[in-house]
Amino acid sequence: MGITNSAKELSTDRIECGGSFQVTLSVTAEPDIRSQPTDIVLILDRSRSMTGNPLTSLKKGADKFIDIIDEATDGAADGQIGGGSRIGIVSFSTTATQDTQLITSVQTLKTAVNSLTADGSTNHEDAFVKALALFDPASSNAKVMVMFTDGVTTAGGPPAPVAEAAKAQGVTIYVIGLLGNGGIDENALRQWATSPDYVAIAPDDEALEKLFEDLAHNIAKPGATNIVIVEKVNPCFHITSFSKPTVGTATLVDDTTLRWTIEKLGVRHSESAALTFTVQHNGVCSGTLAVNDEITYTDDEHNEVEFDSPTIEVECGSDVFPEECPEPVEITIGGCEDAVEFDAGELELESLGRILQLDVTIKNVCPHRRVALAVIVTELDNKENEFKRGLKTVVVPAHNHPTCRDVKVRCIKFVLPEALDVSGTTDSICNKRKFNARFIAHYIDNDFSCCPQHSV
């Protein structure tokens, strides 16, 4: 049956800027029809709306389905379904009929299909009841129903409870819908099927034969062999680590790409595999971000597998730049000039020295409130005595985020001339200098008011 499920899940839907989270990839495969004998019931709609080309196309599709299962079970189109597998036919209109039991004769099955005539209403409930009654509860065979319909339920009771009972007994239900004269209820089909992925809709009767053919191949093929999954995460993230997968091996191609290989999965029984890896935000992007840039899947059976593309919310807070960078002075040197003299103007307090640039994050700043921030820098000599080197005060603008959030104040600069060096050595600018920085912050805007004075 090939790959029956694939998923990609995140450990959380929100992280802080630079935070980490886990991603789990998983796949499930089921064995082929030779190693796992399967009983299949074709449930075929023969209501009045199937008259003409729809019924003709249905018969061709069902015949093709039977031929594919015939060859897949024993490797030969010999007219007998082998390997212990069987097929049964149930057709329905106002009521349902067991046109065959679970049998192996291809000719008998095709005769039953090609004898169908269209008339009457659409009773899905009775169709599921008659199909479920064909299965032997004591049989170890896998159990599959393939329901085909071109209309909504117009007779009998609600079919969903019977479909649920069949699934509870281990029956896998596929549903093929045809957009026929009576219309179909796609939501109902997805409710009956084992999962929404087990529903296929034919836009017209010409597409029916191909849908039946594709479904037969899907049921007959082996789980999966030589699986290769390559996960490449969004450049806003990088992969920091991964755990040993439950099946197969994983390797890190680079800091954004992971390769997972599985030799075989679900070849003898239904089997799942999972791989969990840790992803960290790079601190560059923010907002709602797609986690993966690309994910590819290949195997020898050519299973078509798609993984979800989940997103995560990255909160990076607000960035405030209280000082602008100095404006550059443009200087042009001609192509044939070896030297040039240029008057760059005057700069005050120009000397050898260093620039200390500080960033600080103010935690949990409430919305619509400005913050006063003070930064005090001192320099320490070799005896840990402190010498004043600067004081800066900054008004941090209010943010409009609906909740309190962290605000990062960036690029607070202090000029530290070498003439003030107190390190105790005379090595000019190469001296090691030590500084302390202290921060004071409080709200400017608040709701406080003094109590009014009352005369007695």
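F65 is a good place to start: beyond its sequence neighbours up to four places away, F65 touches I40, L42, I87, V146, F212, L215, A216 and I219. The model you are looking at is a predicted one. F65 also belongs to the largest nonpolar core, a set of 63 residues, and is among those with the most contacts inside it, together with I43, L44, I87, M145 and V146. Helix α1, which runs over residues 53-74, gives the most to this core, with eight residues. Apart from it lies another core, of 31 residues, among them V233, V247, L265 and A273. As background, nonpolar side chains in soluble globular proteins tend to be buried together.

Now for the chain as a whole. The fold contains six helices and 23 strands. Its radius of gyration is 36 Å, whereas a compact globule of 456 residues would have one near 23 Å. Along the principal axes, the C-alpha trace spans about 105 × 80 × 50 Å. Of the 456 residues, 42% count as buried. Taking contacts between residues at least 6 apart in sequence, 76% of them join residues at least 24 apart. The accessible surface comes to about 24,300 Å², and carbon and sulfur atoms account for 50% of that. As for charge, the chain carries 37 positive and 67 negative charges, and the mean positions of the two sets are 6 Å apart.

P310 deserves a visit of its own. You will find P310 in the loop between β16 (292-298) and β17 (311-315). Why does P310 count as buried? Its relative accessible area is 17%, and the cut-off for buried is under 20%. P310 and K8 are 302 residues apart in sequence, yet their C-alpha atoms are 7.4 Å apart in space. K8 is also one of the residues that P310 touches, along with L10, L289, A290, V291 and N292, leaving out residues up to four places away in sequence.

Two strand residues are worth a look for their backbone angles. Both are residues other than glycine with a positive phi.

| Residue | Phi | Strand |
|---|---|---|
| N364 | near 50 degrees | β19 (residues 353-365) |
| C411 | near 60 degrees | β22 (residues 405-417) |

Is C411 buried or exposed? C411 counts as buried because its relative accessibility is 14%, and the buried class covers values under 20%.

Notes: Residues numbered from 1 in each chain as written. Predicted model: local features only at pLDDT ≥ 70, side-chain atom pairs only at ≥ 80, totals over all residues. Heavy atoms only, no water. Helix = DSSP H or I, 4+ residues; strand = E, 2+ residues; numbered from the N terminus. Rg over C-alpha atoms; globule rule 2.2 N^0.38 Å. Buried < 20%, exposed > 50% of the residue type's maximum accessible area, 1.4 Å probe, protein only. Contact = heavy atoms within 4.5 Å. Areas by Shrake-Rupley, 256 points an atom, 1.4 Å probe, with all protein chains shown as cover. Lys, Arg positive; Asp, Glu negative; His and termini not counted. Charge placed at Lys NZ, Arg CZ, Asp CG, Glu CD. Core = buried A, V, L, I, M, F, W, Y, C linked by side-chain atoms within 4.5 Å.
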